[in-house]
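Me: I should like to go through a structure and ask what each description of it rests on. Please set the values against the definitions as you reply.

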Amino acid sequence: MPAAAPDLQAHLHDLPLVEALRAGDERAFLGLVGRLHAGMVRFARGFVNTDAAAEDVVQDTWAAVLEGIDGFEGRSALRSWIFGILANLARTRATRDQRAVPLSALQRDECEPAVDPSDFLPASHPRWGGHWAKYPEAWPEAQLLSQETLAHVWAAIDRLPQGQRAVIQLRDVEGWSSEEVRKALSVSEVNQRVLLHRARSRVRREIARHVERRPKP
């Protein structure tokens, strides 16, 4: 028997939780909040000006989830649907705060040279498609794992343009598939790949500069 399509698999996996939410199961809802809330706040923070605004947007999202769960049709994974609501609310809040830029426009942002594509594994790689192929020799593992370097990575992500930041957070921080990201952000597959490549390239450049500036042990 052929395997079920990804969307159908997601729907079947989410179905018991969706039914529990529709029945008002508080434990099911709190469990969902526990799994997704922190990532939602990180994601929202990429759109709005303050941590408090991000928390407000996420709280509004949870309210919208409870209000709209009866209308969830299972055309995407439940978390993609939730993050889609979050993205719309965050963009609305950002517009109000005069910080919004449409995601569709962000594929055409700055045109500085990107990292050589050979630095990344091909999309066809069975496990790590699109991830870094190798670290430069000047990057000892201890440096890459240091709290200082990790903080620099987060700072580099925070400085990305809005669309790039949204995609890299979902793909590389939250571990989403490209299909989930495409549906949550309402972008095409091509745009999603462009945004992700540019984001990874910029973050890698910043890490390279940071590591090269540090004294060798």
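Reply: A starting point is Arg42, which is found in helix H2; helices are DSSP runs of H or I with at least four residues, and strands are runs of E with at least two, numbered from the N terminus. The model is predicted, so local features need pLDDT of at least 70 and side-chain atom pairs pLDDT 80 or more, while totals for chains, interfaces and linings use all residues. Residues are numbered from 1 along each chain as its sequence is written, and side-chain values use heavy atoms, with hydrogens and water left out.

Me: Why is Arg42 called partly exposed?

Reply: Buried means under 20% relative accessible area, exposed means over 50%, and partly exposed lies in between (1.4 Å probe, protein chains only). The relative accessibility of Arg42 is 33%, and therefore Arg42 counts as partly exposed.

Me: What makes the pairing of Arg42 and Glu174 a polar contact?

Reply: The term requires a pair of N or O atoms within 3.5 Å; within protein, one must be able to donate a hydrogen and the other to accept it, and residues adjacent in sequence count only if both atoms are side-chain atoms. The side chains of Arg42 and Glu174 make such a contact at 2.6 Å. Not counting residues up to four places away in sequence, Arg42 also touches Trp154, Gln169 and Val173, where contact means heavy atoms within 4.5 Å.

Me: How do you know that the length of H2 agrees with its number of residues?

Reply: The expected span is 1.5 Å times one less than the number of residues. For the 20 residues of H2 (residues 26-45) this gives 28 Å, and the end C-alpha atoms are 27 Å apart, which agrees.

Me: Where is the kink in H2 centred?

Reply: The kink is centred on Leu36 and is about 45 degrees. The bend at a residue is the angle between axes fitted to the seven residues ending there and the seven starting there. Leu36 is also one of the buried residues of H2, which include Phe29, Leu32 and Phe43.

Me: Why is the largest nonpolar core said to lie between domain 1 and domain 2?

Reply: A nonpolar core is a set of buried Ala, Val, Leu, Ile, Met, Phe, Trp, Tyr and Cys residues joined through side-chain atoms within 4.5 Å. The largest has 48 residues, and those with the most contacts inside it are Phe43, Trp62, Leu78 and Leu185. H2 gives the most to this core, with nine residues. Domain 1 (7-96) and domain 2 (107-211) both give residues to this core, so it lies between them; the domain bounds come from an automatic or database domain assignment.
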